[in-house]
Amino acid sequence: MSRTVYLNGEYLPEEEAKVSIFDRGFLMADGVYEVTSVLDGKLIDFDGHAKRLERSLNELDMASPIGMEDLLAVHRELVRLNDITEGMIYLQITRGAPDDRDFVFPDPDKVPPTIVLFTQNKPGLADNPAAKKGIKVISIADERWGRRDIKTVQLLYPSMGKMMAKAAGADDAWLVEDGKVTEGTSNNAYIVKDGKIITRNLSNDILHGITRAAVLRFAREARMEVEERPFTIAEAQAADEAFITSASTFVMPVVEIDGTPLGDGTPGPVATRLREIYLEESRKTAS
Ligand code: PMP
């Protein structure tokens, strides 16, 4: 069945939603995005995603085509129109479509941004069987640009990383720069040693995960020890457990890194507990 999507102020069947070939998102990856998950038909941490979107737009000198209140209403309307109980809402804003290709940014008064939202229906999202088994990751060099704190649609290298993982018989890849893990291809990376949760500190090197912020807050509230600093693959392989976080995987245990099993090779108690807490708490405040 065709989805109803949102394009520049209109709700349309997906087949009718068309964007110009001159759109800078298409030609130059000049755009930002957000993914908000839906559980029980409600949005998880919409405010966090809306704030990061504003920051991404700001960092790129891009105007927002919509106020955050209206954006919330559009998210809710798409959930309703597409009858989503569990899934995701994808949102993308690009610098619009000038009438020709040019590296120079178009005048924002003449060229409005393009805004697109669509739903992804994922029944069983919170019950992902991978969470019971854990996932395997490989390490690869981090060859992305230097402003990973901005959530841009330049996803070619993360996409290549997922393909490298698949070719190696793994589920995902962790990116390594100057000997330290930055993050996963589409998630933040954590290890647990002697009960302490270790994850890279925020900087331009990583995306400031909305799930990361919530999980670290819940961990501290539960009196778990948290240390924000970079770690190596060797340290991760010697850790008791590891996990990743993102809006669509929540907290996902990692059980193997570059072929080395962690602990007994099954999801650890800290990752398992944090997944439960995250799902429970974020359902409570979902909007
Ligand atoms: N890092 C990267 C590179 C990502 O692409 C994502 C998810 N888009 C994350 C981290 C996790 O961010 P969030 O928890 O906000 O989904």
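**The ligand and its surroundings**

In this predicted model, the shell around the ligand is made up of 4 nonpolar, 10 polar and 4 charged residues. Among the 18 residues that surround the ligand, those that come nearest are Arg52, Lys151, Glu183, Ile210 and Thr211.

The position of the ligand can be described first in terms of the whole chain. Domain 1 (4-121) and domain 2 (130-285) each contribute residues to the shell, and the ligand therefore lies between the two domains. The site that holds the ligand is the largest pocket. Four elements supply two or more residues each to the surrounding shell: helix 2 (46-59), strand 9 (180-184), helix 6 (210-221) and strand 13 (241-246).

Individual contacts complete the picture. On the side of the ligand's nitrogen atoms, one of them has a polar side-chain atom of Lys151 at a distance of 2.3 Å. Thr211 also places a polar side-chain atom by the ligand, in this case 2.6 Å from an oxygen atom. Ala247 takes part through its backbone: an N or O atom of its main chain lies 2.8 Å from an oxygen atom of the ligand. As for overall coverage, the ligand on its own has 390 Å² of accessible area, and the protein covers 92% of it.

How values were computed
Residues numbered from 1 in each chain as written. Predicted model: local features only at pLDDT ≥ 70, side-chain atom pairs only at ≥ 80, totals over all residues. Heavy atoms only, no water. Near = heavy atom within 4 Å. Polar contact = N/O pair within 3.5 Å; in protein donor to acceptor, adjacent residues only side chain to side chain. Areas by Shrake-Rupley, 256 points an atom, 1.4 Å probe, with all protein chains shown as cover. 1 Å grid on protein atoms, 1.4 Å probe; cavity = no way out; pocket = protein on both sides within 12 Å on 5 of 7 lines; lining within 4 Å. Sits in = over half its atoms within 2 Å of the grid points. Nonpolar A, V, L, I, M, F, W, Y, C, P; charged D, E, K, R; others polar. Domains from an automatic or database assignment.
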